[in-house]
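Thanks for coming, everyone. Let me put the structure up on the screen, and then we can walk through it together.

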There are 2 protein chains.
Amino acid sequence: MNVHPVKGQLAANGERTHEADHPHSQVAQFGADQPLRLDCGVDLAPFQIAYQTYGELNADKSNAILVCHALTMDQHIANVHPITGKPGGWLTLVGAGKPIDTSRYFVICSNVIGSCMGSTGPASTNPATGKPWGLDFPVITIPDMVRAQAMLIDRLGIETLFCVVGGSMGGMQALQWSVAYPERVYSALAVACATRHSAQNIAFHELGRQAVMADPDWRHGRYFEEGCYPHRGLGVARMAAHITYLSDAALHRKFGRRMQDRDLPTFSFDADFQVESYLRYQGSSFVERFDANSYLYLTRAMDYFDIAADHNGVLAEAFRGTTTRFCVVSFTSDWLFPTSESRAVVHALNAGGARVSFAEIETDRGHDAFLLDVPEFIDIARAFLHSAATARGLGKAGR
Amino acid sequence: MNVHPVKGQLAANGERTHEADHPHSQVAQFGADQPLRLDCGVDLAPFQIAYQTYGELNADKSNAILVCHALTMDQHIANVHPITGKPGGWLTLVGAGKPIDTSRYFVICSNVIGSCMGSTGPASTNPATGKPWGLDFPVITIPDMVRAQAMLIDRLGIETLFCVVGGSMGGMQALQWSVAYPERVYSALAVACATRHSAQNIAFHELGRQAVMADPDWRHGRYFEEGCYPHRGLGVARMAAHITYLSDAALHRKFGRRMQDRDLPTFSFDADFQVESYLRYQGSSFVERFDANSYLYLTRAMDYFDIAADHNGVLAEAFRGTTTRFCVVSFTSDWLFPTSESRAVVHALNAGGARVSFAEIETDRGHDAFLLDVPEFIDIARAFLHSAATARGLGKAGR
């Protein structure tokens, strides 16, 4: 299956090449006989999952950590990104000597189904038409992402994951793993997330989707076929999202009301303020690396996510009898996934009889804190994994 | 001077008519000999200010209250809106027997310069070209708005305003009045506002402007001449703004994760959730009544606002020696103008030796609370105005 490159990949390569022709990651192919059963009722086949691994799987396959990536991130968590050339996406947590220690654990990170870095998504070729799926791609959910990951883990011959780790949308996946496959998850570290998306979060996602869809170059999702790209709409969507990833305090500390390269206002609509210039850059750099339709699909998956709804509205029922060890972390200034959401998870885990530790970390860095070097968070992640590894009987080298 | 109608006015009238031909308000014209001196250095002339009045001016002209409207509101605060047909915009506060009692006070509300409901703005005709100003309209500031209002108050023959009242951008104007014309402001009621726009607020405004400007039908502001309208971009901008006007709690209470007319998700990009449907409606109804370029200009004016910056960075200096009586009100769930901003105003007023009362009102209704029937706020406004009226020697009937 070909995966159509997003605009930035075009620009970087200088020609229209296919991701599958130049694989940046290992790819697991699933044929017509191994469909992915989606919540919407569709069996998706064939499909592929692109993934990175770091470290070595031990002899009894007990040291595997699955890292689930966030909305616009991908599997390149601990290596230089092949498209952007930037360092790995979660180097604060993953690497030799880091809490997710690649000299001790076998670390897997796969691009979620519906995304655009090698796994099948709306930019991939629809085998029925030979053209990119676009909006004909079926709507996917967080449970669908996890089901696809489970098929990859099967393919890798791993029965039980030592830990499933994720922040934001990745944290949703970690929680979903523990609910869908409790016997396959020894421990779970869920950071800056929730078991459902709030009305305000749905509102921000809908704003982003409407910004993309308002761009005439979106062409009802057929921009690849029509030779254009909704870069303006996607850029606006990214600007909106980026505001929610930071806190008021972080924006004030980073930018305040400081002007860009000048002392006095220009009395124009130029980017007088540094915060304006920063947002414009965030918007324009994002469209170079991310597929607009994937953005629609992944935001929708987060909106639909609601673990309790699948358990008669009682979240604790989802976790009843679990033996997974949980660690839940929130950040004081995260207004996208505030501590109240994490507390609700912890209460449900307690009510379900689960083993859970919880930390709310004081920081002004907002939702983005889970990706940043926040020492207290790094220490907690390290301690939780070390304790779970000891309980699991994993030696210093993960064996 | 002609004022070009916005799209909704076109649609309502069925033909391209000019606001000035069908005045919805009283209009004060200022000729070439009475320019408005703008902060950007331009002398704007001619220009006009559209305004509404309610109640009667007393014999010694001591019972006038100027109400300053918020960003996308206008002068129709206590009468049926001539375009939308909706009730007046601030009926919770303004009317017979209300805190701003039209049987006691002479109430004036003027459309701010740069807006689109009859006062000169980017949709008005540029006398130099005979075409709509568009982006050739000079960038205006909150002090410019207040300077224009002062010229209107002069025209009405009023020396001192009994009170200047406003919420949000209107509150900024009320504070600016007290700084620019301290001797003309007997009292000021500033609600849900600040003396400067925060980095986060600038970010949200920049997002909205970029959404408008990303719409190809914006045509660099020349949409009237080119026979189109950036309704999609302006709709997205409005959706973004609307999220900031409510609180997470209010959105949760109003909509939660409830679906629209169905129980199960459609697995599509339709407005499954009520909050999506609500936002889409807010976006589409707004574009029918508001000019896209005015939205750019008024958001810019708020971003530039910074009273302290004009006083060597010391806010208290702006209020030094004032005899105006102040009442400052904030709402606990207002994250656009949080209580910390109001406290900064109150501290500066205290440091400047001003007479000030302050109330933070507990509500989950967010920034919009200033427009809603929040009894504690209504009571405080009533008590403040009554006390000031007594001190001013205004009788029961305002005489």
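So, where in chain A does A:His367 lie? It's in a loop, the one between strand 14 (355-361) and helix 11 (375-392) of chain A. Before I go on, please keep in mind that this is a predicted model.

I'm starting with A:His367 for a reason: UniProt lists A:Ser168, A:Asp334 and A:His367 under "active site", and the entry is unreviewed. Those three are spread over 200 residues of sequence, yet they cluster in space, with a largest C-alpha distance of 10.6 Å.

Let's stay on the histidine a little longer. Is A:His367 buried or exposed? With a relative accessible area of 2%, A:His367 is under the 20% cut-off, so A:His367 counts as buried. The side chain of A:His367 also makes a polar contact with the side chain of A:Asp334, at 2.8 Å. If we skip residues up to four places away in sequence, A:His367 touches A:Ser168, A:Ala192, A:Thr244, A:Tyr245, A:Asp334, A:Leu336 and A:Phe337. You'll spot both of the other listed residues in there, A:Ser168 and A:Asp334.

Now the serine. A:Ser168 sits in the loop between strand 11 (163-167) and helix 3 (169-180) of chain A. A:Ser168 is buried too, at a relative accessible area of 6%. What does A:Ser168 touch, not counting residues up to four places away in sequence? Its partners are A:Ala70, A:Val191, A:Ala192, A:Cys193, A:Met302, A:Phe337, A:His367 and A:Phe370.

A quick detour to another serine, A:Ser62. You'll find A:Ser62 in the loop between strand 4 (47-54) and strand 5 (64-68) of chain A. Its relative accessibility is 8%, so A:Ser62 counts as buried. The A:Ser62 side chain makes a polar contact with the side chain of A:Asp60, at 2.8 Å. Leaving out neighbours within four places in sequence, A:Ser62 is in contact with A:Phe162, A:Arg392 and A:Leu394.

Okay, let's zoom out to where the two chains meet. People often give the size of an interface as the accessible area lost when the parts come together. Here, chain A and chain B bury about 4,700 Å² between them, and 70% of that is on carbon and sulfur atoms. Which three residues of chain A supply more of the area it buries against chain B than any other three? Those are A:Arg257, A:Phe267 and A:Phe269, with 19% of it. In terms of contacts, 52 residues of chain A meet 52 residues of chain B.

For those of you who like charges, there are ten salt bridges between chain A and chain B. One of them pairs B:Arg300 with A:Asp272, with the closest N and O atoms 3.9 Å apart. There are also 24 residue pairs in polar contact between the two chains, both residues being at pLDDT 80 or more.

And which parts of chain A face chain B? The elements giving two or more residues to that side are helix 4 (199-214), helix 5 (231-245), helix 6 (248-254), helix 7 (274-287) and helix 8 (292-304). Helix 4 gives the most, with twelve residues. By type, the residues on that side of chain A split into 28 nonpolar, ten polar and 14 charged.

That's my tour, and I'm happy to rotate the view for anyone.

Note on methods
Residues numbered from 1 in each chain as written. Chains lettered and ligands numbered in written order. Heavy atoms only, no water. UniProt positions renumbered as here; feature names shortened; annotations may be inferred. Helix = DSSP H or I, 4+ residues; strand = E, 2+ residues; numbered from the N terminus. Buried < 20%, exposed > 50% of the residue type's maximum accessible area, 1.4 Å probe, protein only. Contact = heavy atoms within 4.5 Å. Polar contact = N/O pair within 3.5 Å; in protein donor to acceptor, adjacent residues only side chain to side chain. Buried area = accessible area lost by both parts, 1.4 Å probe. Salt bridge = Lys/Arg side-chain N within 4 Å of Asp/Glu carboxyl O. Nonpolar A, V, L, I, M, F, W, Y, C, P; charged D, E, K, R; others polar.
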